[in-house]
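Hi everyone, thanks for making time this morning. Could you pull the model up on your screens, so that we can walk through it together?

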There are 2 protein chains.
Amino acid sequence: MHILLTLAYDGTRYVGWQRQINGISVQQRLEEALAALLGHAVKTTASSRTDAGVHALGQRAAFHTQDMRIPLAKLPRVLNALLPTDISVSHAETVPDGFSPRFAAKYKTYIYHIHNAPVPNPLLRRYNAFIPHPLNRPAMEKAAPYFIGRHDFTSFCAAGGSAKTTVREIYACAVSADADSLALTVTGNGFLYNMVRIIAGTLVYAGLGKISPDSIPHILAAKNRSHAGKTLPPEGLVLAEVSYTALHPAVDFLHQHIHNEVARR
Amino acid sequence: MHILLTLAYDGTRYVGWQRQINGISVQQRLEEALAALLGHAVKTTASSRTDAGVHALGQRAAFHTQDMRIPLAKLPRVLNALLPTDISVSHAETVPDGFSPRFAAKYKTYIYHIHNAPVPNPLLRRYNAFIPHPLNRPAMEKAAPYFIGRHDFTSFCAAGGSAKTTVREIYACAVSADADSLALTVTGNGFLYNMVRIIAGTLVYAGLGKISPDSIPHILAAKNRSHAGKTLPPEGLVLAEVSYTALHPAVDFLHQHIHNEVARR
């Protein structure tokens, strides 16, 4: 049987989702727990290869086994007893053989958290980028929707990725803010290497007045990484959700409407 | 000059506020940073000796020096550059010589955070107690105000404290909850050893149905630690605020009113 897990992790201690020779990965810890439970080596595939230090609330990982004797409803708690406390499985379900958590994904949502205050808050530092300079929130809110739509994201892609195409479609991109924190929520059909962290860094440039909010289309059109902002650090990023259900047509319509509105400005 | 600092810290790595021979304390790290800056040994005194693993957002610590050449407005950033990232100074002000951050405090507020869901969330584990069993929130909300008022808190005090009296006055005690988390906020003129963590554990007992919400007055009257609930773990606790200004008489009146209402039930 083929099983799909939903899992959350604090990425602080890990070299990222994927197994690497230079440190401990989330994948390694999950596969160790599964091997201990099932009595055979297990290979998992995930929806997203999150980078070192990046967190997840709704990562998905699939594996195959013929030795599952535990009811799936009980599998999360059993696995959590075997996993370190910074990794937690919240759900398990069966999927068809050959199901790919990566290629079956219809969309993913990432959230980037920024703590924006004169002095750092030690209780926020693990899950937020800290930016002490005042940020112009309206400028950032104005810039964000320019990313919505189908674009070539070469300007927002770090070297070292392995994607065949640099075109991605963004369905939602918005900044929300309260007194001393900001959150950037980005939903899209896929993401290039460091793409959300570079989008976040470019929105921060808009917030610092280094670029105009209306320059985003030009940065996209340049197809040149040097035109965009800095890559923000990994600790602010969370893979929030991966969905295997297509967006509702009404949502598609709404996104198209936002896209057209932005294009008209 | 005598200087009062406001500071925040993530208590995870520390043996608590106070210097100990068995590990690194927040006090040691702060005094090291001050000594490096001022060129002489510095002794700090704090408003609260938070325990190992307990966090703070509004701890206060005072020290004396005759060598302060940095404007106080810039002192927090200078100190933060010398401190580890899990300790952060947010404010510095002068106070009269001999000012005691502990004895001058009019009230303190602690917040205890509980994550209440079927499976743990790795992103919440550092700053929340995790309780997987469903909690009856109305029962906890009903029990909390019984703590308001002047009481002998012997039943809510761990062995090992050094307080001369076990009588304390609680001005506010309330539980707020959303989908999968609860926060207990307690404001009082002082707290005994582990008092907030035992109050939180006793409210959890009410939430689990192990005790009736109306049994709180009896547990107080028993003056026996064994009648109260378990001591919840340190990671859920935050010293939120220390105030050197007396509560407004209208707030006092409100507290008395709540106390009378509870007494009438």
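I'll start with how the two chains sit together, then turn to a pair of helices, and finish with two strand residues.

A little housekeeping before that. This is a predicted model, where local features need pLDDT of at least 70 and side-chain atom pairs count only at pLDDT 80 or more, while totals for chains, interfaces and linings use all residues. Residues are numbered from 1 along each chain as its sequence is written, chains are lettered from A and ligands numbered from 1 in the order in which they are written, and side-chain values use heavy atoms, with hydrogens and water left out.

So, how do the two copies relate? A turn of 180 degrees and a shift of 0.0 Å along the axis lay chain B on chain A with an RMSD of 0.0 Å; the superposition is by least squares on the C-alpha atoms of residues with pLDDT of at least 70 in both. The two copies are thus related as by a two-fold rotation axis. Both copies use the same surface, as 100% of the contact residues of chain B recur in chain A. Contact here means heavy atoms within 4.5 Å. If you want to find the axis from chain B, look for Arg126(B), whose C-alpha comes closest to it of the residues of that chain, at 5.0 Å.

Now the interface itself. In it, 24 residues of chain B are in contact with 25 residues of chain A. The area buried between the chains is about 1900 Å², and carbon and sulfur atoms give 64% of that. Buried area is the accessible area (1.4 Å probe) that two parts lose on being put together, summed over both. Which three residues supply the most on the chain B side? Pro122(B), Leu123(B) and Arg125(B) do, with 32% of the area that chain B buries against chain A.

Let's move to the helices, in chain A. Helices are DSSP runs (H or I, at least four residues), as are strands (E, at least two), and both are numbered from the N terminus. The axes of H1 (residues 26–38) of chain A and H2 (residues 75–82) of chain A come within 9 Å and cross at roughly 110 degrees. That makes H1(A) roughly perpendicular to H2(A), a label for angles of 65 to 115 degrees. Axes are lines fitted to C-alpha atoms, for helices over the stretch in contact, with angles running from 0 to 180 degrees between N-to-C directions.

What meets what at this crossing? Ala33(A), Leu34(A) and Leu37(A) of H1(A) meet Leu75(A), Val78(A), Leu79(A) and Leu82(A) of H2(A). By class, that contact has seven nonpolar, no polar and no charged residues; Ala, Val, Leu, Ile, Met, Phe, Trp, Tyr, Cys and Pro count as nonpolar, Asp, Glu, Lys and Arg as charged, and the others, Gly among them, as polar.

Last stop, the strands. Asp152(A) is in strand E7 (residues 149–152) of chain A. Setting aside neighbours within four places in sequence, Asp152(A) is in contact with Thr166(A), Val167(A), Leu220(A) and Lys223(A). Ser181(A), meanwhile, is found in strand E9 (residues 181–188) of chain A. With the same neighbours left out, Ser181(A) is in contact with Ile114(A), Asn116(A), Arg137(A) and Ser176(A).

Conventions
Parallel < 35°, antiparallel > 145°, perpendicular 65-115°, else oblique.
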